[in-house]
Amino acid sequence: MIIEKKIKELGYELPEDSKPKAMYVPVKQLGNSLFIAGQVAFKDGKLMHPGKVGKDVTLEQAQDAARVCIINMLSAVKAYIGDLDKVKNVIKVQAFVSSAPGFDQQHIVINAASQLLYDVFGDVGRHARTAVGTSQLPMNASVEIEAIFEI
């Protein structure tokens, strides 16, 4: 439970895992790889910072949303494997930022997520990454993040 202790030391609490609201599973395993479905920034049942970054949502709010996405992702992984200490490597992060026309700092938004993964896992948290701007995300989310972990 070292990783969960680290999460608490960073000032975060893993939420209880929530059931998907559509036809998918939160985590799918193939060998030692976990494919984690896209997570949006729900906290206490409420979508945090909805809208387009650069118009409705500030850079700082979008970074906060990105961190909440990671916390929700870690909750989903914990629900699947039982212990986050089993994570051996964060392989890939793919992130989507609902962007207003002209907003070009998607990589800065997602750096907050990358930093949190590093802060939680150390070097194991370093990963390959894609940060994409998009015109719309489900439920008007400002950020959605999916990942591949090795266990």
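User: Before we look at this predicted model, what does "buried" mean here?

Analyst: Happy to start there. A residue counts as buried when its relative accessible area is under 20%, and as exposed when that area is over 50%; partly exposed lies in between.

User: Then what makes glutamate 4 buried?

Analyst: Its relative accessible area is 17%, and the cut-off is under 20%, so glutamate 4 is called buried.

User: And why is lysine 78 called partly exposed?

Analyst: Lysine 78 has a relative accessible area of 30%. That value falls in between the 20% and 50% limits, so lysine 78 is partly exposed.

User: How do you know that lysine 78 and glutamate 4 form a salt bridge?

Analyst: Their side chains meet at 3.2 Å, N to O. The limit is within 4 Å, so the pair qualifies. Lysine 78 sits in helix H2 (residues 59-81) and glutamate 4 in helix H1 (residues 2-9), so the bridge ties together parts 74 residues apart in sequence.

User: How many salt bridges does the structure hold?

Analyst: There are two. Aspartate 123 also forms one with arginine 126, with the closest N and O atoms 3.2 Å apart. Both aspartate 123 and arginine 126 are exposed.

User: What makes H2 oblique to H3?

Analyst: The axes of H2 and helix H3 (residues 106-121) come within 8 Å and cross at roughly 40°. Angles under 35 degrees would count as roughly parallel, and 65 to 115 as roughly perpendicular. The angle fits neither range, so H2 is oblique to H3. By class, their contact has 15 nonpolar, one polar and one charged residues.

Methods: Residues are numbered from 1 along each chain as its sequence is written. This is a predicted model: local features need pLDDT of at least 70, side-chain atom pairs count only at pLDDT 80 or more; totals for chains, interfaces and linings use all residues. Side-chain values use heavy atoms; hydrogens and water are left out. Helices (H or I, at least four residues) and strands (E, at least two) are DSSP runs, numbered from the N terminus. Buried means under 20% relative accessible area, exposed over 50%, partly exposed in between (1.4 Å probe, protein chains only). Axes are lines fitted to C-alpha atoms, for helices over the stretch in contact, and angles run from 0 to 180 degrees between N-to-C directions. Angles under 35 degrees count as roughly parallel, over 145 as roughly antiparallel, 65 to 115 as roughly perpendicular and the rest as oblique. Ala, Val, Leu, Ile, Met, Phe, Trp, Tyr, Cys and Pro count as nonpolar, Asp, Glu, Lys and Arg as charged, and the others, Gly among them, as polar.
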